[in-house]
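Please open the model in your viewer and keep the sequence panel beside it. The tour moves by selection, from one chain to the contact between two.

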There are 2 protein chains.
Amino acid sequence: MNNLYEKKAQIFKALSNPVRLEIIDFLTDGEKCVCEIVEKLNYEQPHISKSLIKLKEAGLIEDRKDGLNVYYSLKFCCMKEFFNCLNKMIK
Amino acid sequence: MNNLYEKKAQIFKALSNPVRLEIIDFLTDGEKCVCEIVEKLNYEQPHISKSLIKLKEAGLIEDRKDGLNVYYSLKFCCMKEFFNCLNKMIK
DNA sequence: AAACTATATGCCATTATTGGAATATAATAT
DNA sequence: ATATTATATTCCAATAATGGCATATAGTTT
């Protein structure tokens with residue numbers, strides 16, 4: 001199996017979960033620390049943490065440490081058009 | 001499928017598999033019948049069939065019957081830009 | 001140092017996905 | 001009607017994902 005298809009599949013897999021999509025959505029607003037994401041979404045902190053790590057491993061977000069906090073942000077600006085197309089699909 | 005994030009997640013889930021991505025790739029070339037897809041990819045016919053149904057259920061492809069054959073084709077032309085963005089992500 | 005806070009990791013039961021093998025269906029040809 | 005062909009469905013074992021709970025780590029404060 002072609003490597004490239006697997007890499008792409010990994011990205012889509014990272015996006016194939018409602019919680020992780022909600023995180024992405026929240027991050028379009030700018031970088032957020034884990035505690036803000038936990039507060040916004042209604043999930044346990046460990047689950048949010050694991051979700052963020054999965055998104056990071058797929059290369060979709062990046063993190064920045066500042067004291068006790070870890071701030072996550074979107075890594076690609078084209079993500080907006082990406083999701084615009086997606087929105088057309090679900091109409 | 002109650003909320004929007006779940007609907008989007010379903011689309012990404014359908015795309016989160018190398019075989020299904022290869023099918024999508026093959027279909028950008030134009031509509032293909034199941035047998036052509038089976039011949040092109042190296043998988044059992046039942047597996048290809050199930051993959052196609054999953055893509056169809058996600059609303060990404062559509063089918064057309066003609067005699068014994070079933071032809072599948074992409075449902076969205078914006079899929080090209082969608083994948084262009086994806087390609088930027090994996091560089 | 002100990003206490004506290006933000007985040008990450010490990011464990012676990014439940015549920016979903018994967019892909020092969022056998023079989024069923026549906027359209028066509030003889 | 002029977003045979004043939006293209007596609008779909010069912011069953012199954014192996015593997016992976018989900019999300020809660022308990023705990024660990026790492027930076028900060030006192």
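The stops below begin with a sheet and end at an interface. The model is predicted, so local features need pLDDT of at least 70 and side-chain atom pairs count only at pLDDT 80 or more, while totals for chains, interfaces and linings use all residues. Residues are numbered from 1 along each chain as its sequence is written, chains are lettered from A in the order in which they are written, and side-chain values use heavy atoms, without hydrogens and water.

Select the strands of chain A (DSSP runs of E, at least two residues; helices are runs of H or I, at least four). They form an open, antiparallel sheet in the order β1-β3-β2, where pairing requires at least two DSSP bridges. β1 (32-33) and β2 (61-66) of chain A are edge strands with a single partner each, so one side of each has no neighbour in the sheet. Next, show Lys32(A), whose bridge partner in β3(A) is Tyr72(A).

Now add helix α2 (residues 18-27) of chain A, which lies across β1, β2 and β3 of chain A and runs at about 85° to β3(A), the angle being taken on a scale from 0 to 180 degrees between N-to-C directions of axes fitted to C-alpha atoms, for helices over the stretch in contact.

Finally, select the residues of each chain in contact with the other (heavy atoms within 4.5 Å): 30 residues of chain B meet 29 of chain A. Within chain B, α1 (4-15), α2 (18-27) and α5 (79-90) each supply at least two residues of this side, and α1(B) gives the most, with 10 residues.
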